[in-house]
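Q: I'd like a slow, close look at how the strands pair up here. Please explain any terms as you go, since I'm new to this.

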Amino acid sequence: MRNHLDRHLSAVRNLGILAHVDAGKTTVTERILYATGTTHKRGEVHDGTTVTDFDPQERDRGITIFAAAVSCDWDGHRINLIDTPGHVDFADEVERSLRVLDGAVAVFDAVAGVEPQSESVWRQADRHGVPRIAFVNKLDRVGADLDAAVASIRDRLHPVPLVVQLPIGTEDGFTGVVDLLRMRALTWGDGGGTAVEDAVPEDLREEALRRRRLLEEAVAERHPGALEEFCDRETLSAETLSGALRELTRTGDAVVVLCGSAYRNRGIEPLLDAVVAYLPSPSDVPPVCGMPGGAAGMRNTKDGVRDAADGMHSTVHGMHEAADRRRERADRMQDAVGEQRPADPAAPFAALAFKVAATPTGRLTYLRVYSGTIEKGDAVWESGARRIERIGRILRVQADRHAQLERAVAGDIVAVIGLKSARAGSTLSAPGAPLVLEPPGVADPVVSVAVEARASTDADRLVSALARLAEEDPSLVVRTDPETGQTLLSGMGELHLEVAVEKIRRSLGLEVNVGRPRVSYRETVARGVSGLVFRHVKQDGGAGQFAHIVLDVEPLDAETAGGVAETGFTFRSTVVGGRVPQEYVRAVEAGCRDALAEGPVGGHPVTGLRVTLTDGATHVKDSSEMAFRTAGRLGLREALRGCAMVVLEPVVEVTVTVPEDAVGGVLGDLAARRGRVGDSAVRGGSAVVTATVPLAELFGYATRLRSRTQGRGTFSARPTGYAPAPAVATTR
């Protein structure tokens, strides 16, 4: 039985396709489905006929917006594949997908090399420890250069790229590759199709041997077993190379690089072979670790409620408090003694929900099953709401199509129907062995718009629609502005909010008025205060309240005071002699966190500071946790009014690609938007300008750029943090 289970797990690959927008990621996915026989017609992005970009907005805009899951079979292996978005506004979809994946294929444009979002998704994969292989796409384009693309991977992403193929032909003459492991040529005809294997062309043989030698030397330097064979024989066999590449990939010590042209269907079969050969199966990754449900999900009611609130991004709780709670939860899980669950179908059931979607067939909850087995009708413990749920149906997902399954086992990625309370980040586990897994991280929104129903009679429908949006996409936050009473929808960017509002209009037929976008400012401490004494005394009959505290407030990193923002908040106590009991110290910290919701300058959330409780006093009868929490909140507010504060605004790195004759106008426009040009280069006949620009200045930039370049200019952006904002830009 054990051998059978191991064989099943070793024949599964859970991987994602990662790339910058327009690098060809969705086309790679389409060609994989076609090559594996899952589809019988090649879908095209420009025709709106792809399997994974099935949403009407994706087809209208020609980009991937929502992560889509598909499954296929190759060489006796089941491949569960997630096509992720490449636009920066939808990076949260990538984050949730990477949380449940075992491997990834990073797709790069052979002309552009590493692009801004390529770098962002690569760093996301680094944080999750996801092994990757690289596929340099679009080798048939004018200006395509495999070596330049690999150099950009090495220089900007800092892995060790191990190129295992040599292109045959250049640009429009690209017809195939030389497999450097087996030293065989693989070529494709005009329609792609099945590769024709042949001997290495004579004019490429010397170069192929040279590159094979470089590959052997690079592998031998990093793999002890390969080094031993290399020293004995002065060469490496194909089997040794393949085994060493597998281990180096799975440990993250190197990245295998392949190449091709997905649009022309060239290079896809070797890519699939590499996925099977080098990327890990569920049995190759470490057991998943979580907190025992009895400690984390059942006894601590307060934590359960907070986790549920974080998952839903309730309109009652603000963005700042939710971010603090996520950090607190991550710290608690890191410090706690975890419980491991192996990828074993016979182990207790544990799965993580990473996506929720409303479809005509019902409310779909996407799961990665880490251990155990689940069948239709089974009861599961849902960690967020702390309740028993029942599985109605289990589905194998093919984008917007589904096939029913009787069961799902460890290693599977499936969707289920019947869960009412599960959210993205919820853990599902066996009721008799509850477990809480670390949920995917959620970035704080940076842009907000006011939304209201055009007809007052539709107000309630709009509230329900916004709640459903926030449930499906945790990076969307809905809240009410306490000053104006307006409903604010916050997200990761202008396009993110446009897509959300358009989804409401299309799905419900609601007419919605949308205000001008506004960015989310922050406040930070440039110069702190020391020895701030605050005494909270309240006596109005019965038990009173008494708390005496002394606080120091300083920038989180003194070296960057007044410069770019250091995100976060730290609290410590240096009180000695038990003058403030530990439970009151925790209450002071909680009060300080409460005070961070609104800063003294513009009412923006406060970040980037360290608070130290240096002294305090208690009263034998009137002191309580509530009194010290109130003292912490009011005391820090008073301290912040005495600090030198700086308002921060979100900034992004913008990469603008324009014809060379339009560079002057683009540079002038960026300067007018308070942009700082960092680099410019000529690539593939176009000028590429990189600049750091405040996000508030980028609203409407796409239209302005098109008008300045007669529609020939494009740009992309990725967040880089916060920077001091001019006073005139920071009104609330």
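A: Let's start with strand S35 (residues 644–659) and strand S37 (residues 686–694), which run antiparallel and are joined by nine bridges. Here, two strands pair if DSSP finds at least two bridges between them. As for the names, helices (H or I, at least four residues) and strands (E, at least two) are DSSP runs, numbered from the N terminus. Keep in mind that this is a predicted model: local features need pLDDT of at least 70 and side-chain atom pairs count only at pLDDT 80 or more, while totals for chains, interfaces and linings use all residues. Residues are numbered from 1 along each chain as its sequence is written, and side-chain values use heavy atoms, with hydrogens and water left out.

To find the S35 pairing on screen, look for proline 659, whose bridge partner in S37 is serine 686. S37 is also joined to strand S36 (residues 676–683), this time by seven bridges, and these two run antiparallel as well. A handy marker for that pairing is valine 677, which has alanine 691 in S37 as its bridge partner.

Now follow the chain back to an open sheet of four strands, in the order S31-S32-S34-S33, where the pairing is mixed. Strand S31 (529–538) and strand S33 (569–573) are at the edges with a single partner strand each, so one side of each has no neighbour in the sheet. On average, neighbouring strands of this sheet are turned by 25° against each other, direction ignored. About those angles: axes are lines fitted to C-alpha atoms, for helices over the stretch in contact, and angles run from 0 to 180 degrees between N-to-C directions.

Inside that order, strand S32 (residues 545–555) pairs with strand S34 (residues 609–617) in the antiparallel sense, over eight bridges. If you want one spot to check, take isoleucine 549, whose bridge partner in S34 is glycine 616. Helices join in too: helix H16 (residues 582–595) packs on the sheet and touches S32, S33 and S34, where contact means heavy atoms within 4.5 Å. The direction of H16 makes about 155° with that of S33. Then there's helix H17 (residues 625–642), which lies across S31, S32 and S34 and runs at about 40° to S32.

While you're looking at strands, here's a general habit worth knowing: in a regular strand, the side chains alternate between the two faces of the sheet.

Next comes an open sheet of three strands, with the order S13-S12-S24 and antiparallel pairing. The edges belong to strand S13 (339–341) and strand S24 (435–437), each with a single partner strand, so one side of each is left without a neighbour in the sheet. Neighbouring strands here are turned by 50° against each other on average, again with direction ignored. Strand S12 (residues 288–292) is joined to S24 by three bridges, and the two run antiparallel. You can spot this pairing at methionine 291, whose bridge partner in S24 is valine 436.

Last stop: a hairpin. Strand S17 (residues 379–382) and strand S18 (residues 387–390) run antiparallel and are joined by four bridges. Valine 380 stands opposite glutamate 389 in S18. Between S17 and S18 there are four residues, and arginine 386 in the turn has a positive phi of about 55°.

If you'd like to trace it all again, try going back to the start. Find S37, joined to S35 by nine bridges and to S36 by seven. Then move to the mixed sheet with the order S31-S32-S34-S33, go on to the antiparallel one with the order S13-S12-S24, and finish at the S17 and S18 hairpin.
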